[in-house]
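Let's go through this one as a round of questions and answers. Have the sequence and structure open as you read.

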Protein chains: 2
Amino acid sequence: MAAVDRRRLVLDAAAKSFALFGYKATTMDQVAKIANVGKGTIYTFFTNKDELFDEILHSAITDMRKIAERTIRDDRDFFDNLYRVLDALLDFRDEHALFIKLSQEKRDLGTPKADYGLAKVENVIVSYIQGVVEQAIRNDEIRPCDAQVVSYVMLRLYTSLAGDFNQLREPLPKEQIKEYMLLFLEQGLRSSG
Amino acid sequence: MAAVDRRRLVLDAAAKSFALFGYKATTMDQVAKIANVGKGTIYTFFTNKDELFDEILHSAITDMRKIAERTIRDDRDFFDNLYRVLDALLDFRDEHALFIKLSQEKRDLGTPKADYGLAKVENVIVSYIQGVVEQAIRNDEIRPCDAQVVSYVMLRLYTSLAGDFNQLREPLPKEQIKEYMLLFLEQGLRSSG
DNA sequence: CGTTTGACCGAAAATGAATTTTAGTCAATT
DNA sequence: AATTGACTAAAATTCATTTTCGGTCAAACG
């Protein structure tokens with residue numbers, strides 16, 4: 001039974017190629033070659049290159065969601081969960097070959113599709129955090145606030161400390177990133193004395 | 001008396017041209033033309049285009065410093081001063097024709113010199129804030145912390161709320177930006193209840 | 001004699017025509 | 001009915017030619 005699942009073959013080939021060569025340098029001929037199918041076959045499953053890319057992106061994002069869900073633990077408090085989920089999501093993003101390649105492509109080529117893909121990932125992260133924040137507000141763990149604004153700022157806060165800041169100084173150790181996150185989010189800066 | 005100050009003429013012409021056309025599209029021939037001097041004359045005062053650009057940049061940065069100094073008021077507390085100085089500096093930056101042009105050029109052309117100029121401005125802002133933060137630590141207005149990390153994060157926090165966020169939603173009104181700044185910096189997020 | 005100048009130079013960038021590559025189609029094949 | 005790859009139109013790349021630009025310097029100027 002079971003004739004080869006050509007859709008699967010195409011999907012796997014495309015995932016490999018996008019991760020290895022990026023959006024622009026992935027050609028439909030190449031995907032067909034890797035998948036061992038005729039080029040026309042690709043178009044029976046996907047209307048065009050963009051849709052194929054979206055499908056790959058979507059599946060990577062789904063993986064990311066799973067990581068996030070596995071990381072959230074009901075027995076931990078909001079701030080602990082927040083830190084761990086940000087850490088997990090961004091670690092995942094920074095290590096996933098597809099996202100690494102898209103970041104390079106954005107930086108080096110400025111490919112709009114790479115931009116679009118990364119923006120989509122960022123939105124998913126923000127809206128995931130947003131859910132966590134909304135839950136925390138309901139639990140009265142944090143004070144009422146606009147969850148979207150706050151989750152956006154949290155992501156920025158984290159990436160400022162973990163990433164952008166490296167251009168100015170040595171990368172901060174994880175422990176210290178956590179410390180500063182908590183300083184801003186949990187305690188604020190005002191002197192306790 | 002007073003033969004025309006040709007150095008001044010060149011400087012004014014260059015300032016006008018960089019602000020109007022950006023770094024790349026400003027040619028030495030054009031600067032000479034605007035300044036009404038021969039091109040060779042420029043090179044008696046400045047070794048090359050880069051140095052001329054640096055001089056213009058430096059003078060814009062000096063203006064910015066003056067604004068900041070005028071804005072800091074000893075009779076206000078740290079958080080008030082912080083908010084007002086960030087606001088003043090970034091308003092200035094956003095309205096100064098040179099910086100507007102350089103931002104466009106960075107976005108549209110990716111000119112490295114435009115990048116460099118804006119990075120320099122950002123460094124000045126961060127180190128200015130850093131001074132304010134260090135003072136506040138000495139005054140025991142805020143708890144001890146790494147002033148560079150904290151001032152960097154403050155700038156990012158502000159620009160996240162005032163700028164980057166606009167891609168996701170309507171721009172936040174000033175009052176609300178201030179509110180969120182204070183939420184993070186002064187109080188932290190934890191529920192008071 | 002010190003200052004100013006613009007014609008001049010080589011390097012770098014812009015142009016555009018010729019060539020190659022690529023996304024997407026479809027008649028032939030299995 | 002599903003699959004294919006030769007085919008096409010459009011986009012990207014190449015590359016020789018032309019133009020522009022930063023920087024120099026011998027001549028002109030005062």
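Q: How many aromatic pairs are there over all chains?
A: This is a predicted model, where local features need pLDDT of at least 70, side-chain atom pairs count only at pLDDT 80 or more, and totals for chains, interfaces and linings use all residues. Rings of Phe, Tyr and Trp (its six-membered ring) pair if their centres lie within 6.5 Å; planes under 30 degrees apart count as stacked, over 60 as edge-to-face and the rest as tilted. One of the pairs is A:Phe78 with A:Phe79, edge-to-face at 5.0 Å centre to centre and 70° between the planes. By this rule, the count over all chains is twelve.

Q: Which parts of chain B does the pair of B:Tyr23 and B:Phe53 tie together?
A: These two rings sit edge-to-face, with 5.0 Å centre to centre and 75° between the planes. Helices here are DSSP runs (H or I, at least four residues), numbered from the N terminus, and residues from 1 along each chain, with side-chain values using heavy atoms, hydrogens and water left out, chains lettered from A and ligands numbered from 1 in the order written. The pair links parts 30 residues apart in sequence, because B:Tyr23 and B:Phe53 lie in the loop between α1 (6-21) and α2 (28-35) and in helix α4 (residues 49-71).

Q: Is B:Phe53 buried or exposed?
A: Buried means under 20% relative accessible area, exposed over 50%, and partly exposed in between (1.4 Å probe, protein chains only). Its partner B:Tyr23 has 10% and is buried. With 0% relative accessibility, B:Phe53 is buried.

Q: Which base or phosphate atom of DNA strand D lies 2.3 Å from a polar side-chain atom of B:Lys39?
A: Residues count as near the strand if one of their heavy atoms lies within 4 Å of it, and 15 of them surround DNA strand D, B:Lys39 being among the closest. Sugar and phosphate make up 64% of the strand D atoms that come within 4 Å of the protein. Backbone N or O atoms of B:Met28 and B:Lys49 each lie 2.8 Å from a phosphate oxygen. For the side chain of B:Lys39, the atom is a base oxygen.

Q: What relation superposes chain A on chain B?
A: Superposing by least squares on C-alpha atoms of residues with pLDDT of at least 70 in both gives a rotation of 180° with 0.1 Å of shift along its axis (RMSD 0.1 Å). That is the relation of a two-fold axis.

How values were computed: Polar contact = N/O pair within 3.5 Å; in protein donor to acceptor, adjacent residues only side chain to side chain. Helix = DSSP H or I, 4+ residues; strand = E, 2+ residues; numbered from the N terminus.
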